[in-house]
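Please look through the structure shown here, and then follow the paragraphs below, which go from strands to helices, to cores and to a few single residues.

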Amino acid sequence: MTDIWQSIKLGRTELANRFAMAPMTRSRAKPDGTPGDLAAEYYAQRAAVGLAISEGTQPSDDGQGYLSTPGIYTDAHVAGWRAVTSAVHAKGGRLFIQLMHVGRVSHPDNTPHHRQPVAPSAISPGSQMFTMKGILDIPEPRALSIEEIRQTIGDFRLAARRAIEAGADGVEIHGANGYLVHQFIAPSANVRMDEYGGSIENRARFAIEIARAVAQDIGSERTAIRLSPGVPMNGIDEGADGPDLYRYLIEELDQLNLAYLHLLHVGNEPLLRDIRKLFKRVLVVNRPGRPREQIGSDVKSGLADMEAYGQAILANPDFLKRVKKNAPLNDGDRNTFYAGGATGYVDYPTL
């Protein structure tokens, strides 16, 4: 029987335990997308987890959706992230940088080039977004051409290469939560009639091609992907064939020998059991709101190799110590999740 406190091999990296810090947007990057001055301290405070996964980090100007999110495609970005990875490694931790292209979940006011968002199809998510001018409707996106899809895959390649240059132990491709990769998967956002739309195989193609391209560039042992089957965020509806699409997609991803698959899991237990059988390498499961008494239960049962935690680690830089001692946990202050500055970022108390 496996224990969550046991070490685990992740690709070429040995992790001290089976806890992962889930990726969480903190909106504290500098205006040019370089990680903020406190980012190294923030991640180093939480380096006791087996694996820290960074906040979503755009691979290009087109990939940015929110204000003050970091990038990983310029020299300045690389230098900023190198300070973060160095601080984490100095504490004995490991860090994967999550590559997040938001697709249609964007606004021209929030991007460096102020252009219309891009997506598989010209369909708005039907929601609003915070900008420097306040809360505004997200505009209708522009459908990517085949040539632009190939360029976007190239952007992921470059960003992965730059992440390794910055000292990251690997990258996690964000294929969840209604962002670009997820948009290609869902028929509510993808009505294309070419090789990237229609059938299960076609809608899964973009995710597979990005994962394959990144793995070829930096090595499969340093490449991972996050998926969120059944999660309806940002106007996503995966349709009746959603579970079958994921079974196909994960079987294809398994052949790439990725470092891990990270699942945001919301309750389809039969699908989770199928995924566990289909994916032969490390499976990380994140159950939002998991009760404290169930920490380690998915690892113990064999449903997962690792478990990811988000807000609990955000609010408790010494989360592992508190779990071991059965000590009380700090509550997260939602008012400061994206507020900028040190408050609610690096000032949560430790035991």
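In this predicted model, Ile173 of strand 10 stands opposite Ile225 in strand 11, and the two strands pair in the parallel sense over five bridges. On another pairing of strand 10, Leu99 stands opposite Ile173, where strand 5 (residues 95-99) and strand 10 pair, again in the parallel sense, over four bridges. Strand 10 is mostly covered, since six of its six residues are buried. Gly170, Glu172 and His174 point one way from the strand, while Val171, Ile173 and Gly175 point the other way, and all of these residues are buried.

These pairings belong to a wider arrangement, in which eight strands close into a barrel in the order 3-4-5-10-11-12-13-14, with parallel pairing. From one strand to the next, the twist averages 25 degrees. In general, the strands of a sheet pair through backbone hydrogen bonds, either parallel or antiparallel. Elsewhere in the barrel order, strand 3 (residues 19-21) and strand 4 (residues 51-53) pair in the parallel sense over two bridges, and there Ala20 stands opposite Leu51 in strand 4.

Helices can now be added to this picture of the strands. Helix 5 (residues 200-218) lies across strand 10 (170-175) and strand 11 (223-227), and runs at about 170 degrees to strand 10. Helix 6 (residues 242-254), in turn, lies across strand 11 and strand 12 (260-264), running at about 170 degrees to strand 11.

How are helix 5 and helix 6 placed with respect to each other, and at what angle do they pack? Their axes are 10 Å apart and the angle is about 35 degrees, and the crossing of helix 5 and helix 6 is right-handed. On the side of helix 5, the contact is made by Ile200, Glu201, Arg203, Ala204, Ala207, Ile208 and Ala211, and on the side of helix 6 by Asp244, Leu245, Tyr248, Leu249, Glu252 and Leu253.

Helix 5 also meets helix 3 (residues 146-165), where the two axes come within 9 Å and cross at roughly 35 degrees. Helix 3 passes helix 5 in a right-handed crossing. Among the residues that make this contact are Ile149, Ile153, Phe156 and Ala160 of helix 3, together with Phe206, Ile210, Ala213 and Val214 of helix 5.

The nonpolar residues can be followed next. In soluble globular proteins, nonpolar side chains tend to be buried together. The largest nonpolar core in this model has 81 residues, and those with the most contacts inside it are Phe206, Leu227, Leu249 and Leu261. Helix 5 gives the most to this core, with 11 residues. Apart from this core lies another one, of 15 residues, among them Ala20, Ala22, Ala259 and Ala308. Returning to Leu261, and not counting residues up to four places away in sequence, one finds that it touches Ile225, Leu227, Ile250, Ile275, Phe279, Val282, Leu283 and Val284.

A polar residue in a loop deserves a separate look. Gln58 lies in the loop between strand 4 and helix 2 (75-90). Is Gln58 buried or exposed? Gln58 counts as buried because its relative accessible area is 2%, where buried means under 20%. A polar contact of 2.9 Å joins the side chains of Gln58 and Thr69. Leaving aside residues up to four places away in sequence, Gln58 touches Gly63, Gln64, Thr69, Pro70, Gly71, Ile72, Tyr73 and Met100.

Two further residues can be compared through their backbone angles and their surroundings. Ser27, found in the loop between strand 3 and helix 1 (39-45), has a phi near 50 degrees, which is a positive value in a residue other than glycine. Asn326, in the segment after helix 10 (319-325), has a positive phi of about 55 degrees although it is not a glycine. Ser27 is classed as buried because its relative accessible area is 13%, whereas Asn326 is classed as exposed because its relative accessible area is 62%, the limit for exposed being over 50%.

Notes
Residues numbered from 1 in each chain as written. Predicted model: local features only at pLDDT ≥ 70, side-chain atom pairs only at ≥ 80, totals over all residues. Heavy atoms only, no water. Pairing = 2+ DSSP bridges. Axes fitted to C-alpha atoms, helices over the stretch in contact; angles between N-to-C directions. Contact = heavy atoms within 4.5 Å. Core = buried A, V, L, I, M, F, W, Y, C linked by side-chain atoms within 4.5 Å. Buried < 20%, exposed > 50% of the residue type's maximum accessible area, 1.4 Å probe, protein only. Polar contact = N/O pair within 3.5 Å; in protein donor to acceptor, adjacent residues only side chain to side chain. Left-handed = near helix turned anticlockwise from the far one by under 90°.
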